[in-house]
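Q: I should like to learn how to read the features of a structure from its coordinates. Where might we begin?

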Amino acid sequence: MAITKSAKKAKRVSVRRRVINDRRRRTMKETVKTVRDNVVKKDTKQAAKDLALAYKALDKAVKSGVIKKGNANRKKSRLAKAIAKAGK
């Protein structure tokens, strides 16, 4: 339990940030999942459209510190590779 005034404020701030981070993480996971689902269905046109949204969500997650840059780059690379493979 926070006792000092600054600790109480820090708690409020951390709760606000957690909500924002959870929202970013959920958006990121949902967009990546939609791309993966489209790849499994062999719907490469829709997957390519959703890939842009996934890139955007991943970049925003990196910018806000939810995931690290290398993690996002790896996810982007694997998604693009999966779409290219499904298109063949």
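A: We may begin with solvent exposure, bearing in mind that the model is predicted. Lys42 has a relative accessible area of 59%, so Lys42 counts as exposed, the cut-off being over 50%. Its place is in the loop between H1 and H2.

Q: What is the sign of the phi angle at Lys42?

A: Most residues other than glycine have a negative phi. Lys42 is not a glycine, yet its phi is positive, at about 65°. Lys42 follows helix H1. A positive phi is also found just after H2, where Gly65 takes a value of about 85°.

Q: How does one check the length of a helix, and what span should the 36 residues of H1 have?

A: The expected span is 1.5 Å times one less than the number of residues. For H1 this gives 52 Å, and the end C-alpha atoms are 53 Å apart, which agrees. H2 has 20 residues and reaches 28 Å from its first C-alpha to its last, close to the expected 28 Å.

Q: Which residues of H1 are buried?

A: An α-helix has 3.6 residues a turn, so residues three or four places apart point the same way. In H1 the buried residues are Met28, Thr31, Val32, Val35, Asn38 and Val39. They pack against H2 and H3.

Q: Thr31 and Asn38 are on that list. Is Thr31 buried or exposed by its relative accessible area, and what does it contact?

A: A residue counts as buried under 20% relative accessible area. Thr31 has 14% and is therefore buried. Leaving aside neighbours within four places in sequence, Thr31 is in contact with Leu53, Ala54 and Ala57. A polar atom of the Thr31 side chain also lies 2.9 Å from the backbone oxygen of Met28.

Q: What is the corresponding description of Asn38?

A: Asn38 is buried because its relative accessible area is 8%. When residues up to four places away in sequence are not counted, Asn38 touches Asp43, Gln46, Ala47 and Asp50.

Q: Which residues of H2 are buried, and what do they pack against?

A: The buried residues of H2 are Ala47, Asp50, Leu51, Ala54, Ala57, Leu58 and Ala61. These residues pack against helix H1 (5-40) and H3.

Q: How is the relative direction of two helices read, and at what angle do H2 and H3 cross?

A: One compares the N-to-C directions of the fitted axes. The axes of H2 (residues 44-63) and H3 (residues 69-87) come within 10 Å and cross at roughly 175°. Angles over 145 degrees count as roughly antiparallel, and H2 and H3 are therefore roughly antiparallel to each other.

Q: Which residues meet in the contact of H2 with H3?

A: On the H2 side they include Leu51, Tyr55, Leu58 and Val62, and on the H3 side Lys76, Leu79, Ala80 and Ile83 are among them. The residues of this contact divide into 12 nonpolar, two polar and four charged.

Q: Where is Ile67 placed, and is it buried or exposed?

A: A loop residue is assessed by accessible area in the usual manner. Ile67 is in the loop between H2 and H3. Its relative accessible area is 13%, so Ile67 is buried. Not counting residues up to four places away in sequence, Ile67 touches Met28, Leu58, Ala61, Val62 and Ala72. By contrast, the C-alpha atoms of Ile67 and Ala47, 20 residues apart along the chain, are separated by 23 Å.

Key. Residues numbered from 1 in each chain as written. Predicted model: local features only at pLDDT ≥ 70, side-chain atom pairs only at ≥ 80, totals over all residues. Heavy atoms only, no water. Axes fitted to C-alpha atoms, helices over the stretch in contact; angles between N-to-C directions. Helix = DSSP H or I, 4+ residues; strand = E, 2+ residues; numbered from the N terminus. Parallel < 35°, antiparallel > 145°, perpendicular 65-115°, else oblique. Contact = heavy atoms within 4.5 Å. Nonpolar A, V, L, I, M, F, W, Y, C, P; charged D, E, K, R; others polar. Buried < 20%, exposed > 50% of the residue type's maximum accessible area, 1.4 Å probe, protein only. Polar contact = N/O pair within 3.5 Å; in protein donor to acceptor, adjacent residues only side chain to side chain.
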